[in-house]
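Here's a walk through one model, region by region. Have the sequence and the 3D view open as you read.

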Amino acid sequence: MSVEARNLAPLPSDIDFTVGASLPISGLTAWQGLFVHGRFQAGQSLFVHGSAGGVNSMVTQLAREAGAYVIGTGRAADRQTALDFGAHEFVNLDNDSLEDFVGVDLVFDVIGGDIGKRSAGLVRTGGMLVTIAGPPEVQPTESLAVDFVVEADREQLGEIVQRVRDGRLRTNIGQIASLDHAVAAFNPTERIREIR
C-alpha cells in the first residue's frame, strides 16, 4: 500500500501512538468544520451537537480556545464530559428544548436526522450550519449550510498536533481494540460484549 506524502505528518515522540491515531479524522474534521467550512471567528456563539464525542469534544476545545461561547448537546450522561471539554452550557437532547437557543452564529452537527432538521432553525441570519451527517434536509433561513467530507491536510494536522503537545487540546478516546477485534469495534450490537 502506498500513501501520498501530503497525507502524512510526523508523530512527535512525546505523543502516544493511540493519541496520534485519533488525530487525523477527529482533529481534522473538527478543524475543517470549524475554521474552513464554518468560517468561525472569535466572539461567535457555537452550538455543538454530540459535544462529548471524539470529533465534537475537539470542536468544543478549538472553538473555546479561539474565543467562542460554546453550547454543547448530548444525552444526560454526557453532560459532565461536555463541560469538562469546555462547553459553557449543556443541552440535554432528551429533556431540554433546542429552540431556546435560536440565534447562534454556527451549528456543528454530527447527528443529522430530526436534530439536523431542528438545527436549521437555530442559526441566526448570516450564520452557518456545518454538518458531516449528510446534506441538511432543512436549509437554514437566510443562512448557509455546508455538508463536508474531511480531507487530508498536513499543515492543519501540524496545528492540531502542536495543540496536543502544548496541552491545549485533549483527545476523547472511548475504547482501544486490538486488530483481532476490529470488526466488533465497529459493530454496535457486538461492541459491548466483544471489546474489553
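## A87 and its surroundings

Let's start in the loop between α3 (79–84) and β3, where you'll find A87. Helices here are DSSP runs of H or I with at least four residues, strands are runs of E with at least two, and both are numbered from the N terminus. A87 is buried, with 6% relative accessibility; buried means under 20% relative accessible area, exposed means over 50%, and partly exposed is in between (1.4 Å probe, protein chains only).

What does A87 touch, not counting residues up to four places away in sequence? The list is T60, R64, V70, G72 and A82, where a contact means heavy atoms within 4.5 Å. A87 and A52 are 35 residues apart along the chain, and their C-alpha atoms are separated by 9.5 Å.

A word on what you're looking at: this is a predicted model, in which local features need pLDDT of at least 70 and side-chain atom pairs count only at pLDDT 80 or more, while totals for chains, interfaces and linings use all residues. Residues are numbered from 1 along each chain as its sequence is written, and side-chain values use heavy atoms, with hydrogens and water left out.

## Helix α2

Helix α2 covers residues 54–65, and its 12 residues should span 16 Å at 1.5 Å a residue. That expected span is 1.5 Å times one less than the number of residues. The C-alpha atoms at the two ends are 17 Å apart, so the model agrees with the expectation.

How much of α2 is buried? The count is 9 of the 12 residues, so the helix is largely enclosed by the rest of the structure. The buried ones are V55, N56, S57, M58, V59, T60, Q61, L62 and A63. They pack against α1 (17–37), β1 (45–48), β2 (69–74), β4 (104–109) and α5 (154–166). After the helix comes G67, with a positive phi near 100°.

Q61 is worth a click: this α2 residue counts as buried at 7% relative accessibility. Leaving out residues up to four places away in sequence, Q61 touches F85, R168, L169 and R170.

## α1 against α2

Now bring α1 into view. α1 and α2 pack at an angle of about 50°, and their axes are 8 Å apart. The axes are lines fitted to C-alpha atoms, for helices over the stretch in contact, and the angles run from 0 to 180 degrees between N-to-C directions. The two helices are therefore oblique to each other; angles under 35 degrees count as roughly parallel, over 145 as roughly antiparallel, 65 to 115 as roughly perpendicular and the rest as oblique.

The α1–α2 crossing is right-handed, that is, the near helix is turned clockwise from the far one by less than a right angle (anticlockwise would be left-handed). On the α1 side the contact is made by L23, S26, G27, T29, A30, W31, L34 and F35, and on the α2 side by G54, V55, M58, V59, L62 and A63. These residues of α1 and α2 divide into 10 nonpolar, 4 polar and no charged. Here Ala, Val, Leu, Ile, Met, Phe, Trp, Tyr, Cys and Pro count as nonpolar, Asp, Glu, Lys and Arg as charged, and the others, Gly among them, as polar.

## α1 against α5

α1 also packs on α5, at an angle of about 115° and with the axes 9 Å apart. That makes α1 roughly perpendicular to α5. Their crossing is right-handed.

From α1, the contact uses V19, L23, P24, G27, L28, W31, Q32 and V36; from α5, it uses Q156, L157, E159, I160, V161, R163 and V164. The split for α1 with α5 is 10 nonpolar, 3 polar and 2 charged.

## Some loop residues

T171 sits in the loop between α5 and α6 (182–185). Is T171 buried or exposed? At 19% relative accessibility, T171 counts as buried. Not counting residues up to four places away in sequence, T171 touches V19, S22, L23, M58 and F85.

E99, in the loop between β3 (89–92) and β4, is partly exposed at 39% relative accessibility. E99 touches R118 and L122, again not counting residues up to four places away in sequence. E99 and R118 are 19 residues apart in sequence and 7.9 Å apart in space, C-alpha to C-alpha.

Two loop residues have a positive phi without being glycine. R39, between α1 and β1, has a phi near 50°. E142, between β5 (123–131) and β6 (144–147), has a phi of about 55° and is exposed, with a relative accessible area of 60%.
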